[in-house]
Number of protein chains: 2
Amino acid sequence: MTHHTLHWTDTDRIVATQVATVATPQNPLPLESGAELKHVQLAYETYGTLNAEKSNAILIFHALTADAHVAGKHHEHDPKTGWWDALFGEGLAFNPATDFIVCANVLGGCKGSTGASSINPETGTQWGMNFPLITVGDMVVAQKRLLEQLGVGKLKAVVGGSMGGFQAMDFALRYPESVERVVLVATSSKLSSQAIAFNAVARYAILNDPNWNEGNYTPENQPTVGLSTARMMAHITYLSEEALEAKFGRRLQAPAQGKTFDFQKEFAVESYLEHQGKAFLKRFDANTYLYLTKVLDYFDLAEAWGEGSLLKAFSLTQAKFLIASFTSDWRFPTACSQAIAKTLRQLGRDVSFIELSSTAGHDAFLLETDALNRIIAPFLHSL
Amino acid sequence: MTHHTLHWTDTDRIVATQVATVATPQNPLPLESGAELKHVQLAYETYGTLNAEKSNAILIFHALTADAHVAGKHHEHDPKTGWWDALFGEGLAFNPATDFIVCANVLGGCKGSTGASSINPETGTQWGMNFPLITVGDMVVAQKRLLEQLGVGKLKAVVGGSMGGFQAMDFALRYPESVERVVLVATSSKLSSQAIAFNAVARYAILNDPNWNEGNYTPENQPTVGLSTARMMAHITYLSEEALEAKFGRRLQAPAQGKTFDFQKEFAVESYLEHQGKAFLKRFDANTYLYLTKVLDYFDLAEAWGEGSLLKAFSLTQAKFLIASFTSDWRFPTACSQAIAKTLRQLGRDVSFIELSSTAGHDAFLLETDALNRIIAPFLHSL
């Protein structure tokens with residue numbers, strides 16, 4: 001396998017998504033459920049070059065619906081950059097001139113990695129609901145295999161926001177010898193009952209969409225109502241009440257018209273949400289959404305690594321931690337990050353915790369890039 | 001019209017829902033939209049007897065999905081009492097021995113009053129989506145007509161929680177000469193952008209359910225997926241995060257089984273929510289849910305009565321106010337009640353505001369009956 005080397009300059013930020021095979025019939029991937037996968041591919045991107053000492057590798061994990069494309073463009077005229085592009089560059093959080101950065105689409109994803117929307121080579125048909133349920137741990141094991149193929153042993157850092165943070169924590173506890181630093185942004189050691197409840201409603205909407213058809217929907221006849229409903233609801237939980245108030249308030253979509261007294265998308269916030277729901281259909285798969293929300297629900301770091309004790313779980317790692325939360329995030333409120341930081345301090349670990357001011361809600365982990373650069377860059381690059 | 005007189009004792013709390021005609025072709029009900037209704041019936045219940053001075057009448061308004069049956073039982077073996085039954089009795093908030101209490105199902109409702117699920121006498125078929133959109137003001141005007149039929153002029157008090165509070169406020173500003181006291185529980189002078197957003201997703205789920213069929217669904221083929229999805233989501237917003245955590249946490253429905261690695265209702269909170277969604281189908285109509293959530297969205301007291309100024313709006317009334325919010329209510333947080341109380345104080349009005357401690361979230365207005373009795377009883381009954 002060759003590494004895709006990038007010269008990270010303002011004029012040359014082109015990156016290509018690559019694919020690695022991390023499980024084969026000879027080397028299957030055992031899953032936490034007891035099942036195993038005989039064919040697993042991971043889509044991934046790399047930025048920068050692994051140095052001779054192999055000491056500059058950073059693994060970034062993405063959140064629920066993102067992908068391997070964390071920075072750069074796919075071609076010269078690509079209108080969109082990767083989801084954390086603003087964190088990449090000289091003096092910023094991630095510097096491809098000095099770091100070797102890896103980001104892979106999660107196991108179970110639908111952005112190039114093997115998941116419910118992939119063809120099962122054993123049957124020649126889409127996995128659909130025959131895909132086994134997976135966990136954060138399964139995702140992490142698959143990515144460790146990718147790193148081995150890339151020649152990466154020890155990681156300078158694992159980094160993740162939201163569900164990406166779940167993976168970063170699991171990675172750090174599962175492979176403590178391989179992780180020097182952990183960066184956690186807007187995350188939690190487990191989902192609250194409320195968060196599980198929102199996911200349950202999302203799955204209910206999809207599973208009961210007549211087009212879902214036990215997961216055997218066709219491209220022409222997808223459970224679009226269920227999936228867009230799920231996304232619209234989730235989207236509300238990613239934004240803060242104050243952000244919605246500031247951006248839309250009670251403003252009508254067509255204020256000059258006044259109240260229309262009908263069931264059109266009358267308020268601006270309605271129109272916005274419906275747009276978000278529809279746009280999501282173009283980039284995400286309904287079955288995959290079922291699997292990945294279940295991954296979220298199952299995640300409980302204390303249960304997985306400490307027999308219910310977060311202290312016991314984190315005692316497994318000696319890594320340095322940087323933990324950031326956002327004031328207006330009610331999906332993973334500051335208290336979730338504080339619980340992790342407090343546990344690490346109890347263990348005498350090197351931990352920096354900062355609550356960043358933001359009105360952007362949970363989405364702040366994608367939007368507050370200046371603040372993230374300010375705290376991540378020194379954590380990763382100073383001695 | 002005769003009044004249904006009740007002797008309110010522990011052994012005789014039987015009440016019958018009655019029906020009044022409040023609009024006819026000769027006396028139609030003009031609506032805020034410009035439309036009018038030529039046939040309006042309101043289902044209502046009364047408790048106690050109007051005294052000779054007609055000075056003991058209290059009007060209670062219900063919330064989004066409730067009904068006229070605020071207290072008592074419908075028959076001797078009725079397993080369920082009315083939704084605020086615990087507030088009725090000697091020494092409690094409402095005393096049928098001394099008060100004459102009225103509660104009507106809202107205009108646009110589906111519990112006996114005229115709404116989308118009613119037969120339009122002009123066509124002989126269900127109104128469905130031909131029913132005009134209505135507002136809190138329209139509901140209030142209809143109920144004023146009911147009071148006139150009952151011989152009630154001046155009200156000792158108007159009382160409401162949540163959407164009931166919307167009506168109580170509108171009534172107090174619309175008929176200032178008729179209202180001595182106003183009791184507001186867990187309410188707001190308008191919906192936030194976030195609350196509109198949740199309603200928008202609820203309506204999206206119903207409007208896009210294939211069974212909805214432009215509102216012309218049959219009893220056998222209703223938009224059950226859309227309506228139950230809407231209810232499940234709304235239910236999350238009625239409960240506090242801490243209530244969900246305490247009641248369900250991350251507990252599995254069948255803990256002995258461990259993770260099932262399938263898409264059954266695995267967590268207890270999932271199972272609970274799905275039960276709530278299904279139960280709702282038996283007692284509520286999908287089109288009605290569309291209309292009533294729109295009533296919520298449209299409500300803006302300052303806009304309706306004060307050209308955007310809450311101060312100007314409340315300057316219309318001289319009534320005494322009792323306002324209560326709950327610490328864990330994130331649907332209508334304390335700040336919403338505080339804004340109303342602050343405005344009334346600026347106007348020099350007699351206003352008592354109290355934030356009650358509760359972990360029950362918005363649903364506290366139905367559950368914290370001891371606290372409500374303690375504050376409402378003296379407000380209504382002392383001189």
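This report covers the domains, the chain contact, the sheets and the core of a predicted two-chain model.

Residues are numbered from 1 along each chain as its sequence is written, while chains are lettered from A and ligands numbered from 1 in the order in which they are written. The model is predicted, so to speak of local features requires pLDDT of at least 70, side-chain atom pairs count only at pLDDT 80 or more, and totals for chains, interfaces and linings use all residues.

**Domains of chain A**

Chain A is divided into domain 1 (18–194 + 298–381) and domain 2 (199–293). The bounds come from an automatic or database domain assignment. The domain centres, taken over C-alpha atoms, are 26 Å apart. In domain 1 of chain A, 21 residues are in contact with 16 residues of domain 2 of chain A. Contact here requires C-beta atoms, placed from the backbone, within 7 Å. The domain 1 side of chain A has nine nonpolar, ten polar and two charged residues. Ala, Val, Leu, Ile, Met, Phe, Trp, Tyr, Cys and Pro count as nonpolar, Asp, Glu, Lys and Arg as charged, and the others, Gly among them, as polar.

**Contact between the chains**

Chain A and chain B each give 42 residues to their contact. On the chain A side, the elements with two or more residues are helix 3 (193–207), helix 4 (224–238), helix 5 (241–247), helix 6 (268–283) and helix 7 (286–298). Helices (H or I, at least four residues) and strands (E, at least two) are DSSP runs, numbered from the N terminus. Helix 3 of chain A gives the largest share, eleven residues. By class, the chain A side has 23 nonpolar, seven polar and twelve charged residues.

**Sheets**

In chain B, eight strands form an open sheet with mixed pairing, in the order 1-4-6-5-9-10-11-12. Two strands pair if DSSP finds at least two bridges between them. Strand 1 (18–23) and strand 12 (351–356) of chain B are at the edges with a single partner strand each, so one side of each has no neighbour in the sheet. Neighbouring strands are turned by 20 degrees against each other on average, direction ignored. Chain A also has an open sheet of eight strands, in the order 1-4-6-5-9-10-11-12 with mixed pairing.

Two parallel pairs are set out below.

| Strand pair | Bridges | Facing residues |
|---|---|---|
| Strand 10 and strand 11, chain B | Five bridges | B:V185 and B:A324 |
| Strand 11 and strand 12, chain A | Six bridges | A:F326 and A:L356 |

Helices lie against these sheets. Angles run from 0 to 180 degrees between N-to-C directions, with axes fitted to C-alpha atoms, for helices over the stretch in contact. Helix 12 (residues 369–381) of chain A touches strands 9, 10, 11 and 12 of chain A, at about 170 degrees to strand 10. Helix 2 (residues 163–174) of chain B crosses strands 5, 9 and 10 of chain B, at about 150 degrees to strand 9.

**Core and a loop**

The largest nonpolar core has 261 residues. Such a core joins buried Ala, Val, Leu, Ile, Met, Phe, Trp, Tyr and Cys residues through C-beta atoms within 7 Å. A:V182, A:V201, B:V182 and B:V201 have the most contacts inside this core. Beyond its neighbours within four places in sequence, B:V201 is in contact with A:T229, A:M232, A:M233, A:L273 and B:M233.

B:S309 lies in the loop between helix 8 (301–306) and helix 9 (310–314) of chain B. B:S309 counts as partly exposed because it has 13 C-beta neighbours inside 10 Å. Buried means 20 or more other C-beta atoms within 10 Å, exposed 12 or fewer, and partly exposed in between, with C-beta atoms placed from the backbone.

Technical notes. Two residues are in contact if their C-beta atoms, placed from the backbone, lie within 7 Å.
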